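User: I've just opened this one and would like you to justify the labels as we go. Can we start with how the strands are paired?

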Amino acid sequence: MADAARTMQEQSTSLAPQEVLSRAKQFFTQRNPLYATFVDKEGPGWLTLRGQGGEEIAVAATTKDGATLVTASTYLFDMQVSRFLSTLPAVSQ
C-alpha cells in the first residue's frame with residue numbers, strides 16, 4: 001500500500017455519522033494497550049484521538065449520496081484504522 005493510501009483511508013457505510021464516531025471511540029480506546037488511544041478533541045462530525053508517543057488518529061464522518069463517508073487519517077496506526085473501517089457495515093445497493 002502506498003504511503004498516501006495508508007495515511008488517509010475512506011470507507012462508505014450505512015451507519016449514521018454519529019454512530020460511526022461512537023464506534024471509533026469505543027474501538028480505538030479499548031484496543032491492545034500498545035495501540036490504545038484516548039479522545040483528544042471532538043466536534044460535530046469529527047474526532048481526534050491520541051495514542052503512543054502522541055500519535056494522532058483523525059476520523060470524520062459525513063453524509064454523502066445517501067450514505068456516510070468516513071475518512072480517517074494517521075501515520076502510525078494505519079493498520080488499526082484499516083481494521084476499524086472494515087468493521088463498518090456496507091452500504092446497501
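Analyst: Sure. Lys 41 stands opposite Thr 48 in E3, and Gly 43 has Trp 46 of E3 as its bridge partner. Strands and helices here are DSSP runs (H or I of at least four residues for a helix, E of at least two for a strand), numbered from the N terminus. This is a predicted model, where local features need pLDDT of at least 70, side-chain atom pairs count only at pLDDT 80 or more, and totals for chains, interfaces and linings use all residues. Residues are numbered from 1 along each chain as its sequence is written, and side-chain values use heavy atoms, leaving out hydrogens and water.

User: What makes E2 and E3 a pair?

Analyst: Two strands pair if DSSP finds at least two bridges between them. E2 (residues 38-43) and E3 are joined by 5 bridges, so they qualify, and they run antiparallel. Their hairpin has 2 residues between the strands, and Gly 45 there has a positive phi near 85 degrees.

User: How do you know that E3 and E4 pair too?

Analyst: By that rule again: 5 bridges join E3 to E4, also antiparallel. One of the pairings puts Leu 49 opposite Ile 57 in E4. The hairpin of E3 and E4 has 5 residues between the strands, with a positive phi of about 65 degrees at Gly 53 in the turn.

User: What about Asp 65, what is special in its phi?

Analyst: Phi of Asp 65 is near 55 degrees, a positive value in a residue that isn't glycine. Most residues other than glycine have a negative phi, so a positive one catches the eye. Asp 65 sits in the loop between E4 and E5.

User: Why is Asp 65 called exposed?

Analyst: Its relative accessible area is 74%. The classes are buried under 20%, exposed over 50% and partly exposed in between (1.4 Å probe, protein chains only). Asp 65, at 74%, is therefore exposed.

User: And why does Val 39 count as partly exposed?

Analyst: Val 39, which is in E2, has 29% relative accessibility, so it falls in the middle class. Beyond its neighbours within four places in sequence, Val 39 is in contact (heavy atoms within 4.5 Å) with Lys 25, Thr 29, Leu 47, Thr 48 and Leu 49. Its C-alpha is also 6.5 Å from that of Arg 50, 11 residues away in sequence.

User: Ser 12 in E1 next: what class is it in, and why?

Analyst: Ser 12 has a relative accessible area of 35%, so it is partly exposed. Its C-alpha is 6.5 Å from that of Val 91, although 79 residues separate the two along the chain. Among the contacts of Ser 12 are Thr 68, Pro 89 and Val 91.

User: Gln 80 is polar, so why is it called buried?

Analyst: Gln 80 comes in at 8% relative accessibility, and that makes it buried. It lies in helix H3 and, neighbours within four places aside, touches Phe 27, Phe 28 and Tyr 35.

User: How do you know that H3 has a buried face?

Analyst: In H3, Asp 78, Gln 80, Val 81, Phe 84 and Leu 85 are buried. Down the helix axis these fall within an arc of 160 degrees, so they line one face. The arc is taken from the directions from the axis to the C-beta atoms. On the other side of H3, Met 79 and Ser 86 are exposed.

User: What about the buried residues in H2?

Analyst: They are Pro 17, Val 20, Leu 21, Ala 24, Phe 27 and Phe 28. Their arc is 130 degrees, so they too line one face. They pack against E1, E3, E4, E5 and H3.

User: What makes the length of H2 fit a helix?

Analyst: The expected span is 1.5 Å times one less than the number of residues. For the 13 residues of H2 that gives 18 Å, and its first-to-last C-alpha distance of 18 Å is close to it.

User: What makes the largest nonpolar core a core?

Analyst: A nonpolar core is a set of buried Ala, Val, Leu, Ile, Met, Phe, Trp, Tyr and Cys residues joined through side-chain atoms within 4.5 Å. The largest here has 18 residues, and those with the most contacts inside it include Phe 28, Ile 57 and Phe 84. H2, E3, E4, E5 and H3 each supply at least two, with the largest share, 5 residues, from H2.

User: How confident is the predictor?

Analyst: On pLDDT (confidence in each residue, from 0 to 100), the protein averages 90, with 91% of the residues scoring at least 70. Helix H1 (residues 3-7) is lowest at a mean of 63, and E5 (residues 67-74) is highest at 97.
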